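Reader: I am new to this structure and should like to understand the terms used to describe it. May I ask, point by point, what each description rests on?

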Amino acid sequence: MNIYILYHIKERELAICEMIKEEILKQNKNVNVEIRNFHSIWQEIWDFLPNIILTIPPRDQQASNRLMIAKAALKCSIVSLLTEGFFFHKTAEAWREYIGTNSYDAKLVDYYLFWGRATQNGQLSVLLEDKKITDVERAKIVGYAFYDKDSFEHYAKKIAMPRTAQKWIDGYKRHILCLTGFSVADYSIEDFMLESAFVYKNDKAKKKEYQSEIEAAQKKVQAFSDYRERYTANIIQCAIRNPDIGFLIKLHPAEYARFYNGTNYQFYHVFDKYSNIHLLDESVPMGVILPYTDLMIHYGSTAGLEAFLYKVPTLHLFMEEFAKESNMPGYCIYESSQEISMDDFEEFNKCIVQGVCFRKTETAKKILEEQFDLENDDTDYHPAEKIAGYVLDSWNVRQLLDDDAELRKAVKSMEGYRSRKDIWKTKVKVLWRERNYLERDKYLEMLKAITPKWSLVLYDILIAAKLTFRIS
């Protein structure tokens, strides 16, 4: 049995994939497990031929088309694992925006895996209403693998501490970890469209609503830009005043790759000229750095909750004007060890110099239980083990796609065309030349499954050619 584990952004997701892979192999040592980036497997998939795919949620039409094509051709099972942090949405529209306004067959996903009951409850009603799930029993709560300290500590032993992080640890007695997460500050309108953020973009009757969405997006970009400017200014000013304290800047995974590739988020070069500020130049999970951290500064990040698990005090910087707006920077639904307004630099500096006492707040406890299925300091918390179990079980409960409108739409898409082209060019033609008819016929059956009715003539020609070749 072959299993694909697919991720999107490196670092946290990749680490989780490794932890899940290890648990799968513990439960079934006879399977073959490969970890790949979601966007890079759509040619090699016809070599690997996965029986099971554990994937990021299919939030856009391109992703759901690819997965429908794979499922139709390979008859594989598909498991969707949530990849992002906690959510605090109250409306179906907000949940739908995250799930995606794309459409796909209700039988596409065999298991949806959620971190906690709050997200499961919020998304399940929309999944049912939009016909993206066949049964509530296919929605499972598994917890968050990164908060499984036992599994993570085992994984962390394989990771070497990056050079800059080690320099930061060795060079200073006090260590301040500063998180960023302001990619929206560099967004274009096209970026929002790629995330399916505009509900009314294809509705000509609602031009005003669409324009309002555009204006709201522009306001959001400006807000994130302003917040980032002030957040970093506070850190720089504090670093100048306290040269004996080390500040480590850890970019959000969404920012990291594009910053170090030089394509975007170049704003963070503002830190370069300060000797006691280091930009982490390698992708490192939080759990590797937190044991060496005296204080974490953040903007409302879910990583603040991870800090609670390591008993690291947290300091949340917020802006008064956005403190109660959930889609704006600096908003946080849990209380940190210390809350400070962005405008109160002297208090911020005092906290850096004197330190902040660790306290696990009631709001943090509630979030950990509702959003991550983690009660208190549960020692029997093993999400990776649960995920592995559902991945393996998905083969037993897999659903086969019907020849319905959603599948026909997928096979007529560019993703469908490219899949057929890849199978024909790299498999059927090669196997034909090699006279490996058994393998060739297997791929011809795959082509038949993903060939739309309006072009069945293609399959007929292939069969005719096959028969002619055999007779000759």
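Reader: What is the order of the strands in the open sheet that contains strand 9, and which pairing does this sheet have?

Author: This open sheet of six strands has the order 9-8-7-10-11-12, and its pairing is parallel. The model is a predicted one, in which local features need pLDDT of at least 70 and side-chain atom pairs count only at pLDDT 80 or more, while totals for chains, interfaces and linings use all residues. Residues are numbered from 1 along each chain as its sequence is written, and side-chain values use heavy atoms, with hydrogens and water left out. Helices (H or I, at least four residues) and strands (E, at least two) are DSSP runs, numbered from the N terminus.

Reader: Why do strand 9 and strand 12 stand at the edges?

Author: Two strands pair if DSSP finds at least two bridges between them. Strand 9 (277-279) and strand 12 (338-341) each have a single partner strand, so one side of each is left without a neighbour in the sheet. Neighbouring strands of this sheet are turned by 25° against each other on average, direction ignored. Such angles run from 0 to 180 degrees between N-to-C directions, and axes are lines fitted to C-alpha atoms, for helices over the stretch in contact.

Reader: How many bridges join strand 10 to strand 11?

Author: Three bridges join strand 10 (residues 295-298) to strand 11 (residues 314-318), and the two run parallel. With at least two bridges required, the three found here make them a pair. Met296 has Thr314 of strand 11 as its bridge partner.

Reader: What is the strand order of the open sheet that contains strand 2?

Author: That open sheet of six strands has the order 2-1-3-4-5-6, with parallel pairing. Strand 2 (32-37) and strand 6 (139-141) stand at its edges with a single partner strand each, so each has one side without a neighbour in the sheet. The average turn between neighbouring strands of this sheet is 20°, direction ignored. Within it, strand 3 (residues 52-55) and strand 4 (residues 77-81) pair in the parallel sense over four bridges, and Ile53 has Ile78 of strand 4 as its bridge partner.

Reader: Why is Leu49 called buried?

Author: Buried means under 20% relative accessible area, exposed over 50%, and partly exposed in between (1.4 Å probe, protein chains only). Leu49 has 19% relative accessibility and therefore counts as buried. Leu49 lies in the loop between helix 2 (45-48) and strand 3, and has a positive phi of about 50° although it is not a glycine. Most residues other than glycine have a negative phi.

Reader: Which class do Lys131 and Ile189 fall into: buried, partly exposed or exposed?

Author: Lys131, at 59% relative accessibility, counts as exposed because the value is over 50%. Lys131 is found in the loop between helix 5 (117-129) and strand 6. Ile189, at 21% relative accessibility, counts as partly exposed; its place is in helix 8 (residues 189-194).

Reader: What makes helix 17 roughly antiparallel to helix 18?

Author: Angles under 35 degrees count as roughly parallel, over 145 as roughly antiparallel, 65 to 115 as roughly perpendicular and the rest as oblique. Helix 17 (residues 414-433) and helix 18 (residues 437-449) pack at about 160°, with their axes 9 Å apart, and that makes helix 17 roughly antiparallel to helix 18. Contact means heavy atoms within 4.5 Å; the residues that make it include Trp424 and Leu431 of helix 17 and Tyr443 and Leu447 of helix 18. Among the buried residues of helix 18 are Tyr443, Leu444 and Leu447.

Reader: Why is helix 1 called oblique to helix 15?

Author: The axes of helix 1 and helix 15 come within 8 Å and cross at roughly 60°, which makes helix 1 oblique to helix 15. The contact is made by residues including Met19 and Ile20 of helix 1 and Ala384 and Ile387 of helix 15. Met19 and Ile20 are among the buried residues of helix 1.

Reader: How do you know that the span of helix 18 agrees with the expected one?

Author: The expected span of a helix is 1.5 Å times one less than its number of residues. For the 13 residues of helix 18 this should be 18 Å, and the end C-alpha atoms are 18 Å apart, which agrees.
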